[in-house]
Amino acid sequence: MNIRERILMIALSYVGQSEYGGDNEKYGDESFQKKLAGVGWKSGQSWCGYFQMLVWKEAYTTGNAIVPKSPQEIQNLYDKAKTIPNPQPSQSENLSKKHKKWASVTDDQKNLTYVKPGDLIIFKTGHGEIALNIIRNNNKKITRIDSIGGNWDDKVSINLVKLNEIEGFAMVITA
């Protein structure tokens with residue numbers, strides 16, 4: 001299983017995890033809450049960026065209940081990869097640019113031909129999600145993106161993303 005497959009499997013394993021009360025304070029599954037806290041989340045903080053951090057951390061290292069521990073060659077990439085996801089997803093742009101792993105949304109979509117499932121989607125609002133499925137037309141232009149995001153309607157869910165809402169993509173570290 002490659003790193004992108006690991007990211008998607010782990011993200012999908014959390015679909016349905018939700019908070020209660022709408023104040024980013026408590027989750028239905030205490031182990032999920034502890035995992036978010038393990039990547040730095042604190043009660044009351046928005047958690048979409050922490051969800052991205054958790055998924056990438058588990059994908060590159062320990063795995064989770066669904067996906068086994070990473071092979072050493074993937075674990076070796078984590079030192080570089082862990083510098084990209086951020087509690088404030090809008091910061092992922094600057095962090096990923098250091099590794100030449102940023103793709104801006106442009107009118108001609110030249111930079112978007114490299115965007116793939118597992119990459120982080122950074123919205124103009126500062127929200128962040130993980131690309132699940134990217135559909136392109138015959139000209140390689142993106143026509144649809146499905147994503148997995150934390151803190152979307154207070155839960156981890158699969159969403160349809162509008163391209164005009166995206167700032168750019170922080171791409172997976174693969175080498």
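Is S70 buried or exposed? In this predicted model, S70 is buried, with a relative accessible area of 4%. The residue sits in the loop that runs between α3 (48–60) and α4 (72–75). Its side chain has a polar partner there: a polar atom of the S70 side chain lies 2.7 Å from the backbone oxygen of A59. Leaving aside residues up to four places away in sequence, S70 touches R6, E58, A59, Y60, T61 and Q75. One of these, R6, is itself among the buried residues of helix α1.

That brings in α1 (residues 3–13), whose buried residues are I3, R4, R6, I7, L8, I10 and A11. What lies over them? The cover includes α3, α4, β5, β6 and β7. As for its placement against the strands, α1 lies across β5, β6 and β7, and runs at about 120 degrees to β5. At the start of the helix, a side-chain oxygen of N2 comes to within 3.0 Å of the backbone nitrogen of R4.

Next, the helix pair α2 and α3. Two packed helices are described by the angle between their axes and the distance between the axes. For helix α2 (residues 30–38) and α3, the angle is about 90 degrees and the axes are 9 Å apart. That makes α2 roughly perpendicular to α3, since angles of 65 to 115 degrees count that way. The contact brings F32, K35, L36 and G38 of α2 against Y50, F51, L54, K57 and E58 of α3. Sorted by class, this contact has five nonpolar, one polar and three charged residues. E58 shows up twice in this account, as part of the α3 side of the helix contact and as one of the residues that S70 touches.

On to the sheet. Six strands form an open sheet in the order β3-β8-β4-β5-β6-β7, with antiparallel pairing. β3 (102–104) and β7 stand at the edges with a single partner strand each, so one side of each is left without a neighbour in the sheet. Direction ignored, neighbouring strands are turned by 30 degrees against each other on average. At the β3 edge, three bridges join β3 to strand β8 (residues 166–170), and the two run antiparallel. Within that pair, S104 has G168 of β8 as its bridge partner.

At the other end of the order, strand β6 (residues 142–152) pairs on both sides. Strand β5 (residues 128–136) and β6 are antiparallel over six bridges, and I130 finds its bridge partner in I148 of β6. The two strands form a hairpin with five residues between them, and K140 in the turn has a positive phi of about 70 degrees. β6 also pairs with strand β7 (residues 155–161), again in the antiparallel sense over six bridges, with G149 opposite S157 in β7. Here the hairpin has two residues between the strands, and D153 takes a positive phi near 55 degrees. Why does β6 count as largely enclosed by the rest of the structure? Eight of its eleven residues are buried, so the strand is largely enclosed.

Two loop residues round off the picture. H127 lies in the loop between β4 (120–123) and β5, and is buried with a relative accessible area of 14%. Residues up to four places away in sequence not counted, H127 touches C48, P89, I121, I122, G150, N151 and W152. The side chains of H127 and E129 are joined by a polar contact of 2.9 Å. H99 is another matter: 28 residues from H127 along the chain, its C-alpha atom is separated from that of H127 by 21 Å.

P85 is in the loop between α5 (78–81) and α6 (92–97), and with a relative accessible area of 7% this proline is buried as well. On the same not-counting-neighbours basis of up to four places in sequence, P85 touches Q52, M53, W56, S92 and L120. P85 and Y50 are 35 residues apart in sequence, yet their C-alpha atoms are 7.9 Å apart in space. Y50 also belongs to the α3 residues that meet α2.

Terms used: Residues are numbered from 1 along each chain as its sequence is written. This is a predicted model: local features need pLDDT of at least 70, side-chain atom pairs count only at pLDDT 80 or more; totals for chains, interfaces and linings use all residues. Side-chain values use heavy atoms; hydrogens and water are left out. Helices (H or I, at least four residues) and strands (E, at least two) are DSSP runs, numbered from the N terminus. Buried means under 20% relative accessible area, exposed over 50%, partly exposed in between (1.4 Å probe, protein chains only). A polar contact is a pair of N or O atoms within 3.5 Å; within protein, one must be able to donate a hydrogen and the other to accept it, and residues adjacent in sequence count only if both atoms are side-chain atoms. Contact means heavy atoms within 4.5 Å. Axes are lines fitted to C-alpha atoms, for helices over the stretch in contact, and angles run from 0 to 180 degrees between N-to-C directions. Angles under 35 degrees count as roughly parallel, over 145 as roughly antiparallel, 65 to 115 as roughly perpendicular and the rest as oblique. Ala, Val, Leu, Ile, Met, Phe, Trp, Tyr, Cys and Pro count as nonpolar, Asp, Glu, Lys and Arg as charged, and the others, Gly among them, as polar. Two strands pair if DSSP finds at least two bridges between them.
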